[in-house]
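Trainee: I'd like a close look at one part of this protein. Please take me through the ligand sites and what lies around them.

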Amino acid sequence: MSGLVVVGTQWGDEGKGKIIDLLAERADVVARYQGGHNAGHTIVLGGERFVVHLVPSGIFHPGKVCVIGNGVVVDPAALLEEIQLLRERGIAVEGRLFVSNRAHLILPYHKAIDKESEKLRGIRRIGTTGRGIGPAYVDKMARVGIQVGDLLDADLFREKLQANLLEMNYLMEHRYEIPRFDLEEVFETYQGHGKAIAPYVADTALLLHRALKEGKRVLFEGAQGTLLDVDFGTYPYVTSSSACAGGACTCTGVSPLAMTGVLGVAKAYTTRVGSGPFPTEMQDALGELFRERGGEYGATTGRPRRCGWFDAVAARYAARINGLTGLALTKLDVLDTSETVRVCVAYRLRGETIREFVGSAHDLEQCEPVYEDLPGWKDSTRGMETFDRLPSAAQRFVRRLETLVGVPVQLISTGAKRDEVIEIADPLKAAR
Ligand code: GDP
Ligand code: IMO
Ligand code: MG
């Protein structure tokens with residue numbers, strides 16, 4: 001049995017898509033475990049840029065099986081559109097893309113609640129992607145969610161939808177003061193989606209169990225990142241699912257015993273989209289420079305990403321929460337022009353020096369970063385494939401991060417393309 005979890009260590013957009021695409025060649029199955037089409041994972045192949053939202057980043061390797069696990073919330077229209085876009089660009093998914101029958105559906109009222117409740121929150125808004133993700137998970141936990149499998153049974157789907165609309169339409173009318181949803185209209189639309197996604201629906205937990213039993217290698221693809229995890233992130237400025245490595249088990253139905261390693265993906269600096277605390281944020285020209293050099297605009301919403309230095313306190317926390325066995329350090333090349341590279345090694349909070357990540361978003365908001373400055377390399381690392389060829393200051397930076405985080409750097413990404421990477425160790429080689 002061999003399962004490698006690939007997890008974001010920051011606030012998402014660490015370059016998980018690129019790393020998963022790279023590793024998928026050596027795996028048999030790639031299983032996305034949580035989130036929904038709030039995610040945007042970018043893969044650059046040749047000169048072409050692909051962004052996947054729901055479909056696992058392994059899809060670009062013909063023949064690899066891709067699973068959308070039970071922990072994902074699925075907007076069927078978004079999934080079908082993504083499948084169509086891939087098809088138009090020559091990527092066939094038939095017979096190798098499977099969606100869990102237990103995954104929960106995003107319905108039109110979820111999207112409406114997401115948008116309207118953000119408006120009502122005013123300055124306390126989370127800055128969600130507006131895709132209906134949070135409200136769909138609310139229904140799942142409230143036990144009124146509708147699952148992908150329910151779509152295949154018209155009577156059952158209708159009954160559940162009708163019951164939910166009673167309550168939802170009350171909300172639309174009296175709380176948000178927006179138009180009600182029409183049962184027949186939603187029913188018909190979703191029946192159409194149901195027919196179209198039926199060939200992909202499967203008991204994916206069973207599929208994964210069998211694959212692992214046969215000795216196949218499975219990659220578990222996390223969306224978002226540790227600091228957006230609903231339990232361990234900067235709550236309430238988080239997404240509504242378990243982005244951490246632990247989620248890979250409950251969100252796919254695979255035992256923790258099947259996991260042989262956890263690869264954390266970390267940018268050589270930090271970004272965040274949406275609201276919430278961000279100790280190392282740079283709201284100046286340097287932040288702007290990172291945004292431009294790193295192309296830091298949301299892959300899903302196009303929003304400019306907030307940028308800041310690498311936060312080793314947060315990374316060490318991510319190492320602990322996820323039990324990281326290796327790190328994939330991405331976007332090293334974005335720092336190529338910096339005179340000095342800074343790393344946050346501690347926080348100052350109410351006159352005290354703190355070395356562990358702070359549990360309360362309110363406290364984190366007040367943390368001042370304590371930096372260690374390292375010399376920059378002022379030379380191009382773009383596309384480099386061997387560690388020894390990196391400028392010595394870049395090597396020192398990588399080694400310093402490794403020491404601070406306490407996890408071996410196995411991959412260093414030096415560009416967006418698949419082969420722009422330095423491989424120090426194979427993350428798929430079982431860590432235990
Ligand atoms: P994900 O959500 O974690 O998959 O990351 P995104 O795709 O949202 O954002 C990462 C961005 O950085 C994408 O535009 C990638 O093409 C790009 N990228 C990934 N790795 C590197 C790298 O090493 N160097 C540079 N310059 N860009 C990279
Ligand atoms: P990938 O997988 C970065 C952020 C949103 C918002 C918060 C809650 O590409 O790394 P939601 O719509 O999930 O309820 O929004 O989470 N967010 C992400 N930020 N990358 C993502 O995904 C994100 N998915 C959600 O910006 O702050
Ligand atoms: Mg992204």
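Trainee: Which of the 19 residues around ligand 1 come nearest?

Mentor: K16, T42, K331, D333 and S413 come nearest to ligand 1. A residue counts as near if one of its heavy atoms lies within 4 Å of the molecule.

First, the ground rules. This is a predicted model, so local features need pLDDT of at least 70 and side-chain atom pairs count only at pLDDT 80 or more, while totals for chains, interfaces and linings use all residues. Residues are numbered from 1 along each chain as its sequence is written, chains are lettered from A and ligands numbered from 1 in the order in which they are written, and side-chain values use heavy atoms, with hydrogens and water left out.

Now the polar contacts of ligand 1. A polar contact is a pair of N or O atoms within 3.5 Å; within protein, one must be able to donate a hydrogen and the other to accept it, and residues adjacent in sequence count only if both atoms are side-chain atoms. T42 puts a side-chain N or O atom 2.5 Å from an oxygen atom of ligand 1. S413 does so too, with a side-chain N or O atom at 2.5 Å from a ligand 1 oxygen. E14 uses its backbone: a polar atom there is 3.1 Å from an oxygen atom of ligand 1.

Turn to ligand 2. It has 20 residues around it, and the closest are K16, H41, T129, Q224 and T239. K16 is thus on this list, and it is also among the residues nearest to ligand 1. H41 brings a polar side-chain atom to 2.7 Å from an oxygen atom of ligand 2. Two backbones join in. A polar backbone atom of Q224 is 2.8 Å from a ligand 2 oxygen, and one of G127 is 3.4 Å from a ligand 2 oxygen.

Next, the setting. The chain is divided into domain 1 (2–95 + 203–430) and domain 2 (104–200), with bounds from an automatic or database domain assignment. Their contact (heavy atoms within 4.5 Å) takes 30 residues from domain 1 and 21 from domain 2. About 2,000 Å² is buried between them, and carbon and sulfur atoms give 61% of that. Buried area here is the accessible area (1.4 Å probe) that two parts lose on being put together, summed over both. On the domain 1 side, V73, P76 and L80 lose the most area, together 26% of what that side buries.

What about polar links across this interface? There are 10 residue pairs in polar contact, both at pLDDT 80 or more. The rule finds zero salt bridges, a salt bridge being a side-chain nitrogen of Lys or Arg within 4 Å of a carboxyl oxygen of Asp or Glu.

One last backbone detail. Y235 and P236 are joined by a cis peptide bond, with omega about 5°. P236 sits in the loop between β10 (217–221) and α8 (247–250). Helices (H or I, at least four residues) and strands (E, at least two) are DSSP runs, numbered from the N terminus.
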